[in-house]
Every structure is written in C-alpha cells, then in structure tokens.
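Trainee: I would like to go through this entry feature by feature. Please give the general idea where there is one, and then the case at hand.

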Amino acid sequence: MTQKTLAEPIVAPPREPSDPPPPVLCVRDLRISDLAGDREIVHGVSFELTPGRTVGIVGESGSGKTLTCRAALGILPPHFEITGGSVEIAGTDITTLTRSEWTELRATTISAVFQDPASYLNPSIRVGAQLAEVLRVKLGLKRREARERAVELLRAVHLRDPELVHNQYPYELSGGMLQRVLIAAAIAARPRVLIADEATTALDVTVQAEILDLLADLRAQDGLALVVVSHDLAVVAQLCDEVLVMRHGEVVEHGPTRTVLHEPRHAYTRLLIAEHESYGLDKFRTKDDV
C-alpha cells in the first residue's frame, strides 16, 4: 500500500444551478374586448409572477390595469371577455375552469384586495363573523376553530386588540383598519397570489405606509406573490420588483422597477415620473444610491 505524503485537496462537485420556481400567475398576450361596443380594450399584456415576487401595474384611469387583474380573477364586468392570449394560475389555464372550480380557486390560490373595503364588508355583521364565514366555507373549519383563526388573522395584519376588533362592526372601524380586515379576509385561505388593486389609494400617507409594510411582511414571511395596481409610482417603487406601465390598454414599458424609474424609455413613463417627483417618488428612487 502506497502512503500519501500530501493531503489531496477535496474538490466539491460543481453545484447545479437551482431551477427558478414555476410562475404562480402567467399572463401571455392578454386581450380583452368590450363585446357591447365591439372594440378591444386591452391589447396584448404579458407578465409572469413567481412566489415571493411583486409586479406593479401603473397607469392612468382607463389604461386597462384593473381589467387585466379582473380577468386574472375571472370577474370581468358584463360584456367584457378575454378574446386573445391566456391566463394561467398555478399552471391551469383559466378558460378551462368550471364555475365550481373557479369558486375553489378564488381565495385558496388567488385573492384580491380592492380600493373601498367598506363595499366588500357587510355593515350589519360583526367583523369576526365575516372572517369566520370565509374560513368555514373555504377551509371547512368548525365554529370554534374559525373564531380562533379569525382572531389570529386580525393579529397577523397588525391590528391592535384583535379580540376587540373581532367583535366590532365595520362602521366602527377606521379606513386603515377596514383595509387590514379586508387583507385578513383575502389571506384567510392562504392564497399563493394576492392582487392589491389601488388598495392604499383612499388612505392617508401614514396608514398607506403601514399597509405597504404589511404587504411586504406577508410576501417575506409566506412567499406570497403580489400584483400591486396603482396610479402612484411611489407605491410601486417601494414594493415592486418589476413594473408594467400601461396606457390606452397596452403596456408601453416593462422591466425591473429600478431600471424603469432610473432609465425610462417611453415618453409616458417619463411624464409619470416627472409628475410624481414632487410628492415622494425621489426618496424611493435614490434610497439605494446612498
């Protein structure tokens, strides 16, 4: 037996690059038409969203950003239909879904928070009972389990004294508290995708910042994928990994948020940036350069 005099270096095998997770939401060349007016409203929107990432969609009113998200949720208004392209949620083409399959998918895989929480909560039913109903229907929890989980959800969205809020009616809560309750309802069944459509628009600056921090926490803790729809570039700059800029139903610019904000290519994007610099966008554009 030959004795080695020098230790031979141990060379680790090369590590295989890990495959990125598959997208939980994939929108490809989406086209939406108003059948009553016989005209196309959304013209070829495309983006992918993977767990733990956030896509922002910005643009003026009527740009098609909300219609795009409603198509992904399967809740387009009457007379509006997807007339081209595709939307896949967790690998499933939504055009193949039956009504019962859509009911199962919403809240458990994809959910949403909209601008006016009071419109989505019943004013005559206590907040806790409304949350518990979601849990019982979507997760099959018993009454006591649903109540306990409802309180946990109210605590998870950073509401002070969740036990008290659980027993209150919506009209007893402030706008910021109502928005937190709506977020609690939206994440109750642990969806993989959350669409926040102008979810902070009606809130004052301080409360808006708290809601954005909450969404960021949910993304970091649970790997929640977010679509943030806003007309406010400062919101997108704070929260989003990439951004689509929409105008007149089409995407005029799409890329990493930092690139789009620092090196905008389209005149409309430059206009949006110029309009927003006067009230808060600059601090988000420059914070990474300090």
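**Reading the fold, strand by strand**

Mentor: Strand β3 (residues 54-58) and β8 run parallel and are joined by five bridges. Keep in mind that this is a predicted model.

Trainee: How should I read such a pairing, and which residue of β8 is the bridge partner of G56?

Mentor: Strands of a sheet pair through backbone hydrogen bonds, either parallel or antiparallel. Here the partner of G56 in β8 is V228. Strand β7 (residues 193-197) is also joined to β8 by five bridges, again running parallel. In that pairing, A196 has V228 as its bridge partner. V228 is thus a bridge partner of G56 and of A196.

Trainee: Which residues point one way from β8, and which the other way?

Mentor: In a regular strand the side chains alternate between the two faces of the sheet. In β8, A225, V227 and V229 point one way, while L226, V228 and S230 point the other way. All of these are buried. Strand β8 covers residues 225-230, and six of its six residues are buried.

Trainee: What is the strand order in the open sheet of four strands?

Mentor: The order is β2-β1-β4-β5, and the pairing is antiparallel. Its edge strands, β2 (39-49) and β5 (92-93), each pair on one side only. Strand β4 (residues 80-89) pairs with β5 over two bridges, in the antiparallel sense. I89 stands opposite T92 in β5.

Trainee: Which strands does helix α1 lie across?

Mentor: Helix α1 (residues 65-73) lies across β1 (25-34), β2 and β4. The helix runs at about 115° to β1.

Trainee: How many disulfides are there?

Mentor: The criterion is a pair of cysteine sulfur atoms within 2.5 Å. By this rule the count is zero. As for individual cysteines, C26 has a relative accessible area of 2% and is buried. C69 is buried as well, at 4% relative accessibility.

Trainee: Next, the interior. Which residues touch the most other members of the largest nonpolar core?

Mentor: In soluble globular proteins, nonpolar side chains tend to be buried together. The largest nonpolar core in this model has 50 residues, and L154, V181, I183, I187, L194 and L215 touch the most other members. Helix α6 (residues 175-187) supplies the largest share of this core, with seven residues. Apart from this core lies another, of 33 residues, including V45, C69, V87 and V193.

Trainee: With which residues is V181 in contact, leaving aside its neighbours within four places in sequence?

Mentor: V181 is in contact with L121, V127, L131, L154, L159, V165 and L173.

Trainee: How many aromatic pairs does a search of the whole structure find?

Mentor: A pair of aromatic rings is described by the distance of the centres and the angle of the planes. The search finds two pairs. F114 and Y120 form a stacked pair, 5.2 Å centre to centre with 20° between the planes. The pair of Y169 and Y171 has ring centres 5.7 Å apart and planes at 10°, so this pair is stacked too.

Trainee: Are F114 and Y120 buried or exposed?

Mentor: F114 is buried, at 11% relative accessibility, whereas Y120 is partly exposed, at 42%. In the other pair, Y169 is partly exposed with a relative accessible area of 22%, and Y171 is exposed at 62%.

Trainee: What about a polar side chain: is Q130 buried or exposed?

Mentor: The cut-off for buried is under 20% relative accessible area. Q130 has 16%, so this residue counts as buried. Q130 is in helix α3 (residues 127-139). Leaving aside neighbours within four places in sequence, Q130 is in contact with L121, N122, I125 and P170.

Trainee: Which residues have a positive phi without being glycine?

Mentor: A107 is one of them, with a phi of about 80°. A107 is in the loop between α2 (99-105) and β6 (110-113), and is buried at 14% relative accessible area. Another is H158, with phi near 65°. H158 is in the loop between α4 (143-156) and α5 (162-166), and is partly exposed at 41%.

Trainee: And the chain as a whole: how many helices and strands are there?

Mentor: The chain has eleven helices and ten strands. Buried residues make up 45% of its 290 residues. Of the contacts with a separation of 6 or more, 67% are between residues 24 or more positions apart.

Methods. Residues numbered from 1 in each chain as written. Predicted model: local features only at pLDDT ≥ 70, side-chain atom pairs only at ≥ 80, totals over all residues. Heavy atoms only, no water. Pairing = 2+ DSSP bridges. Contact = heavy atoms within 4.5 Å. Axes fitted to C-alpha atoms, helices over the stretch in contact; angles between N-to-C directions. Buried < 20%, exposed > 50% of the residue type's maximum accessible area, 1.4 Å probe, protein only. Core = buried A, V, L, I, M, F, W, Y, C linked by side-chain atoms within 4.5 Å. Phe/Tyr/Trp six-rings, centres within 6.5 Å; stacked < 30°, edge-to-face > 60°.
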